[in-house]
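Subject: Structure handover

Hi,

Here is the structure I promised to pass on to you. Please have a look at it first, and then read my notes underneath.

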Amino acid sequence: MATIIDGKKVAADVLEKCAEEITDLKSQGITPGLAVVLVGEDPASKVYVNSKVRKCGELGIHSEKIVLSREATQEEVLETVKNLNENPRIHGILVQSPPPPQIDEEAIVRAIDPAKDVDGFHPENVAKLALEDPTGFVPCTPAGCMELLRSAGIKTSGANAVVVGRSMIVGKPMALLLMARGSDATVTVAHSRSKDLPGICRQADIIVAAVGRPEFITDDYVKEGAVVIDVGINRVDDAEAKKGYRLCGDVDYASVAPKCSAITPVPGGVGPMTIALLMKNTIKAARFARA
Ligand code: NDP
């Protein structure tokens with residue numbers, strides 16, 4: 001039976017280390033600060049933003065939540081980012097995705113000071129990741145997946161890894177992290193145009209599923225003994241659930257778990273890691289600002 005990789009536990013360990021670092025920074029007169037900008041009232045985004053702010057509070061990170069109306073203009077968002085770039089109490093800035101359609105998200109990301117880009121989406125940080133420059137910020141979700149692999153003692157060196165999905169926030173950075181020196185996996189990136197996806201995945205010692213399709217990766221995609229990291233967070237209707245829906249991953253846990261050597265559950269796998277890595281990046285930004 002597969003080892004279930006406990007993301008809550010690993011995230012708690014990361015946060016414990018964060019708390020120690022914050023104490024150290026505070027003893028030097030520095031309080032890390034994170035600003036979270038929310039444009040509009042998207043319910044899922046509101047939940048994410050509130051949980052980030054709450055986590056800051058628990059850890060003693062200064063946080064500012066800036067809520068702009070759904071009708072906010074590109075200029076207003078840019079002005080908000082500019083002010084935060086200049087605010088010395090703020091070390092990390094993120095603009096919650098997705099913004100309303102009138103907002104050019106890419107331009108907003110480019111306006112964030114790369115030294116405060118704790119999401120790791122600015123082109124300068126993307127380049128630093130590709131260059132394996134440790135002064136950059138790595139996107140939180142793939143960084144969290146790497147931490148899960150490390151904590152579970154999974155050897156990536158020489159392993160065949162298949163990343164399903166090529167988004168800039170998960171798939172691509174995940175592939176770069178797995179192939180980086182030190183991780184040393186042999187990486188295949190699959191996407192919607194890939195041919196024979198089950199066959200590609202069956203070659204994998206490690207599968208990272210970031211597809212955005214509920215329970216898409218079934219046992220037919222997984223070779224015996226593989227490690228499966230499920231990044232997906234999907235809401236599916238469930239008349240029996242109290243809320244009328246349940247959360248599930250991109251992996252069909254019921255059929256895959258019996259076949260693999262280790263797997264992350266949803267919820268309680270990658271999800272808690274994303275926020276923990278955001279806190280870690282904010283602390284890193286505060287340290288750099290001091291240097
Ligand atoms: P995107 O929609 O941006 O990317 C999905 C990727 O999957 C694309 O590259 C797409 O290919 C590929 N894909 C879609 N359908 C297929 C298919 N039938 N066969 C093969 N590949 C396919 O999603 P994200 O990367 O943003 O997110 C992926 C998942 O991770 C989602 O479930 C999301 O909710 C979750 N997520 C979880 C986070 C967490 O904290 N745990 C954080 C971020 C995301 P193509 O490029 O060709 O379109």
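Below are the notes on the sheet, the helices, the cores and one loop residue.

Before the details, please keep in mind that this is a predicted model, in which local features need pLDDT of at least 70, side-chain atom pairs count only at pLDDT 80 or more, and totals for chains, interfaces and linings use all residues. Residues are numbered from 1 along each chain as its sequence is written, and side-chain values use heavy atoms, with hydrogens and water left out.

Let me start with the sheet. Its 6 strands form an open sheet in the order 1-11-8-7-5-6, with parallel pairing. Strands (E, at least two residues) and helices (H or I, at least four) are DSSP runs, numbered from the N terminus, and two strands pair if DSSP finds at least two bridges between them. Strand 1 (3-4) and strand 6 (186-190) are at the edges with a single partner strand each, so one side of each has no neighbour in the sheet. Strand 5 (residues 160-164) pairs with strand 7 (residues 206-209) over 4 bridges, and V163 has V208 in strand 7 as its bridge partner.

Helix 7 (residues 171-179) lies across strands 5, 6 and 7 and runs at about 170° to strand 5. Axes here are lines fitted to C-alpha atoms, for helices over the stretch in contact, with angles from 0 to 180 degrees between N-to-C directions. The axis of helix 6 (residues 140-151) comes within 9 Å of that of helix 7, and the two cross at roughly 40°. At this contact (heavy atoms within 4.5 Å), residues of helix 6 including M146 and L149 meet residues of helix 7, among them L177 and L178.

L178 turns up again in the largest nonpolar core: of its 53 residues, L178 and M279 touch the most other members. Such a core is a set of buried Ala, Val, Leu, Ile, Met, Phe, Trp, Tyr and Cys residues joined through side-chain atoms within 4.5 Å. Helix 10 (residues 270-290) supplies the largest share of this core, 10 residues. A second, separate core has 19 residues, including V228 and C260.

Finally, T218 sits in the loop between strand 7 and strand 8 (227-230). T218 is partly exposed, with a relative accessible area of 23%; buried means under 20%, exposed over 50% and partly exposed in between (1.4 Å probe, protein chains only). Leaving aside neighbours within four places in sequence, T218 is in contact with D252, S255 and V256.

Best wishes
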